[in-house]
Each structure stands twice: as structure tokens, then as C-alpha cells.
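Let's take a walk through this protein together. Keep the structure open beside you and follow along.

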Amino acid sequence: MTENYSEDEEMYKENIIDHFKHPHNKNILKHFTHSAHDSNPLCGDEIIIYVNVKDNMVEDISFQGTGCAISQSAASMLTDNIKTKKISEIKKLNLMNVQN
């Protein structure tokens, strides 16, 4: 059975696969001020995020993790999205901001 995807859906799917195969910011920061760890025991996904905040701005961010393409791609996209943003801007983000 062949699935027919719209152009937008195909582009979205390709973006997820690209971030999974070539994740951005996937490393452990040498210097970080904050970190957070979370996991999903049902599927085994695990993410640790490292953030270096300076003057109320994300100076640098990275992540480490294992799991499915969706979880790892989401972490990659999230780190791209909030790097160099002010904390006040980050607090205003919602799901649509991160996806776009």
C-alpha cells in the first residue's frame, strides 16, 4: 500500500529524518548552568538537555539522548529554536513556534 503525502507533509517528514540522522547540538556542553533529564519508560526515549544561560539569555544549548526519530529530532529542533533567545522569549513559546 502506497501512502500519498502532501508536499508539506513530505517536507515535514524529510525534516524529521534529517534532524534524526544529522542532529544539531547533540553533545555535552563543557560549561552549563542548567540541565534537565527526562525519559519515557513506556518507549525508552531519554533526553538530557544542557543549557548555558548568561545575562538572561541562552548562550548555548545542547542535548544527549536515545530514542525514536521523533524524540531525537524534536530535541534537535528545540535546541536550534531557543539558542541565543532571551529567557522571556522562551517562556512565550508554544508548540506552533517550535514546529515552525
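Start at Ile-49 and look at what surrounds it. If you skip the neighbours within four places in sequence, Ile-49 is in contact with His-34, Ser-35, Ala-36, Ile-61, Ser-62, Phe-63 and Leu-78. Bear in mind that you're looking at a predicted model.

Ile-49 also belongs to a bigger group. The largest nonpolar core has eight residues: Ile-47, Ile-49, Val-51, Val-58, Ile-61, Phe-63, Ala-75 and Ile-82. Where do they come from? Strands β2 and β3 and helix α2 (69-82) each supply at least two residues of this core.

Now for those two strands. β2 covers residues 46-54 and β3 covers residues 57-66; they run antiparallel, and nine bridges join them. To pick out one pairing, find Ile-48: its bridge partner in β3 is Gln-64. Together β2 and β3 make a hairpin, with two residues sitting between them. One residue to look for in that turn is Asp-55, which has a positive phi of about 55°.

Time to zoom out a little. The protein chain has four helices and three strands, and if you read along the sequence, the pattern goes α-β-β-β-α-α-α. Its C-alpha trace spans about 55 × 30 × 25 Å along the principal axes. The chain has 100 residues, and 24% of them count as buried. What about contacts between residues that sit far apart in sequence? Among contacts with a separation of 6 or more, 44% are between residues 24 or more positions apart.

Next, find Asp-45, in the loop between β1 (34-39) and β2. This charged residue is buried, yet it has no salt bridge. Which side chain of opposite charge is nearest? That's Lys-26, and it is 10 Å away, whereas a salt bridge needs the nitrogen and the oxygen to be within 4 Å. What does the Asp-45 side chain reach instead? For one, it gets to the backbone nitrogen of Cys-68 at 3.0 Å. The Asp-45 side chain also makes a polar contact with the side chain of Ser-71, at 3.4 Å. Not counting residues up to four places away in sequence, Asp-45 touches Asp-38, Ser-39, Asn-40, Thr-66, Gly-67, Cys-68 and Ser-71.

So where does a salt bridge turn up? Side chains of opposite charge can pair when their charged atoms come close. A search of the whole structure finds one salt bridge. In it, the side chains of Asp-60 and Lys-83 meet at 3.5 Å, N to O. Asp-60 lies in strand β3, while Lys-83 is in the loop between α2 and α3 (87-91), so the pair ties together parts that are 23 residues apart in sequence. Are these two residues buried, exposed or something in between? Asp-60 is partly exposed, with a relative accessible area of 28%. Lys-83 is partly exposed as well, and its relative accessible area is 28%.

Finish up at the start of the chain. Glu-3 sits in the segment before α1 (7-21). With a relative accessible area of 53%, Glu-3 counts as exposed. For a sense of distance, try going from Glu-3 to Gly-67: the two are 64 residues apart along the chain, and their C-alpha atoms are separated by 25 Å. You've met Gly-67 before, as one of the residues that Asp-45 touches.

Key
Residues numbered from 1 in each chain as written. Predicted model: local features only at pLDDT ≥ 70, side-chain atom pairs only at ≥ 80, totals over all residues. Heavy atoms only, no water. Pairing = 2+ DSSP bridges. Buried < 20%, exposed > 50% of the residue type's maximum accessible area, 1.4 Å probe, protein only. Lys, Arg positive; Asp, Glu negative; His and termini not counted. Polar contact = N/O pair within 3.5 Å; in protein donor to acceptor, adjacent residues only side chain to side chain. Contact = heavy atoms within 4.5 Å. Core = buried A, V, L, I, M, F, W, Y, C linked by side-chain atoms within 4.5 Å.
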